[in-house]
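Trainee: I should like a close look at one part of this model, namely a pair of packed helices. Please set that part in the context of the whole chain.

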Amino acid sequence: MSQSDAVADPQADDTAAAVAGAAAGSEPPGSNEAADAEPDDEPGKAAGTPNGVDAAIQALWREFRANPHQRLRERLVLHYAPLVKYVAGRVGTGLPTHVDVGDLVQSGIFGLIDAIEKFDPERGLRFETYAMQRIRGAILDDLRSQDWVPRVVRSRLREAERALERLGARLHRTPTDVELAHELGIGLDELRDLYGQLRLTSVVALEDLVAAGKDSGSLVDTLPDDGAVDPVAVLVDRDNRRQLAEAIAQLTERDRIVVSLYYFESLTLAEIGKVLGVTESRVSQLHTRAVLRLRARLTEQAGV
């Protein structure tokens with residue numbers, strides 16, 4: 001059952017509302033064992049639960065199989081809700097900071113409901129193992145549905161970034177387009193086509209490039225109060241500006257012009273094209289190339 005199907009199901013809506021408190025962080029009845037489990041253990045294992053609780057949940061399963069009533073399903077969802085938080089936390093590790101774990105939990109709840117409805121105990125598989133797979137699948141499906149960039153483009157972006165890092169480490173300077181194309185094993189025209197495709201993935205703020213590889217997050221989150229001056233924030237901002245200026249200084253002259261006009265003069269790509277005497281498509285390629293090189297340089301500086 002997909003997330004859209006679950007939303008259209010009134011029973012699924014009622015169940016999701018019933019477990020909203022558990023998904024938000026409160027512990028449902030009978031879930032203390034899962035919360036105290038070791039990080040590598042599966043939450044909700046029957047081996048770590050009292051015999052009375054284990055017998056009660058088995059009896060609840062038998063009753064639900066005999067009569068799949070909404071009330072019984074809600075009790076099962078409440079009991080296994082810690083599984084959703086556990087899987088969402090594991091999936092959320094390594095995702096961009098703008099991805100809210102709470103949204104992952106919400107998607108995972110629909111996966112848990114689907115697992116409860118489709119679980120067949122006669123197959124001899126533990127429900128926790130089966131449910132974790134369904135929850136993880138529901139979360140990943142929701143993440144993919146929100147990504148407007150094709151997976152093949154994401155893959156080519158990673159290849160280009162790794163190639164830039166390798167060349168930068170070997171050459172101790174920003175590689176040229178010819179050198180990058182040779183490293184990727186493609187022609188120069190194909191590399192420029194790639195820049196056009198990667199433009200879809202470059203919808204990031206310049207301040208995020210400055211904070212690449214750091215734990216400080218967005219610069220917007222560290223702006224000082226208007227009524228007070230934070231010396232630490234001033235020093236951090238000065239250092240970020242210095243790193244950004246050094247990274248921009250290593251770009252080619254045309255790339256520097258594009259970055260300056262786009263980010264500091266607020267010109268559109270079409271307007272920049274008129275200034276440089278090139279097409280808007282070419283300006284888009286130059287912008288993508290500049291962002292990739294800035295990202296590689298700033299990531300390298302953050303790792304030093």
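Mentor: The account below begins with the chain, turns to one helix pair, and then follows the chain to other places.

The model is a predicted one. The protein chain holds 16 helices and zero strands. Of its 304 residues, 37% count as buried. Its accessible surface comes to about 17,200 Å², and carbon and sulfur atoms account for 52% of that surface. Among contacts between residues at least 6 apart in sequence, 65% join residues at least 24 apart.

The pair to examine is helix H6, residues 70–92, with helix H7, residues 101–118. Their axes come within 8 Å and cross at roughly 135 degrees. H6 is therefore oblique to H7, because an angle has to exceed 145 degrees to count as roughly antiparallel, and this one lies outside the perpendicular range of 65 to 115 degrees as well. The crossing of H6 over H7 is right-handed. On the H6 side, the contact is made by Arg73, Leu76, Val77, Tyr80, Ala81, Val84, Lys85, Ala88 and Gly92. H7 contributes Val101, Leu104, Val105, Gly108, Ile109, Leu112, Ile113, Ile116 and Glu117. Sorted by class, the residues of this contact are 13 nonpolar, two polar and three charged.

One residue of that contact, Leu76 of H6, also leads to helix H5. Leu60 lies in H5, which spans residues 51–66. Leu60 and Leu76 are 16 residues apart along the chain, and their C-alpha atoms are separated by 7.7 Å. When neighbours within four places in sequence are set aside, Leu60 is in contact with Leu72, Arg75 and Leu76. With a relative accessible area of 6%, Leu60 is under the 20% limit and so counts as buried.

A further pairing involves Val87 and Met132. These two residues are 45 apart in sequence, yet their C-alpha atoms are 6.7 Å apart in space. Met132 belongs to helix H8, residues 127–146. Its relative accessibility is 16%, so Met132 is likewise under the 20% limit and counts as buried.

For a second helix pair, consider H10, residues 177–184, and H11, residues 188–198. Their axes come within 9 Å and cross at roughly 95 degrees. Since that angle falls in the range of 65 to 115 degrees, H10 is roughly perpendicular to H11. The residues in contact are Asp177, Val178, Leu180, Ala181 and Leu184 from H10, together with Leu188, Leu191, Leu194 and Tyr195 from H11. By class, this contact has eight nonpolar residues, no polar residues and one charged residue.

Two loop residues complete the account. Most residues other than glycine have a negative phi. His172, in the loop between helix H9 (151–171) and H10, has a positive phi near 60 degrees. At a relative accessible area of 71%, His172 is over the 50% limit and therefore exposed. Ser266 likewise has a positive phi, near 60 degrees, and is placed in the loop between helix H14 (253–264) and helix H15 (269–276). The relative accessibility of Ser266 is 59%, which means that Ser266 also counts as exposed.

How values were computed
Residues are numbered from 1 along each chain as its sequence is written. This is a predicted model: local features need pLDDT of at least 70, side-chain atom pairs count only at pLDDT 80 or more; totals for chains, interfaces and linings use all residues. Side-chain values use heavy atoms; hydrogens and water are left out. Helices (H or I, at least four residues) and strands (E, at least two) are DSSP runs, numbered from the N terminus. Buried means under 20% relative accessible area, exposed over 50%, partly exposed in between (1.4 Å probe, protein chains only). Contact means heavy atoms within 4.5 Å. Accessible areas come from the Shrake-Rupley method with a 1.4 Å probe; for residues, only the protein chains shown count as cover. Axes are lines fitted to C-alpha atoms, for helices over the stretch in contact, and angles run from 0 to 180 degrees between N-to-C directions. Angles under 35 degrees count as roughly parallel, over 145 as roughly antiparallel, 65 to 115 as roughly perpendicular and the rest as oblique. A crossing is left-handed if the near helix is turned anticlockwise from the far one by less than a right angle, and right-handed if clockwise. Ala, Val, Leu, Ile, Met, Phe, Trp, Tyr, Cys and Pro count as nonpolar, Asp, Glu, Lys and Arg as charged, and the others, Gly among them, as polar.
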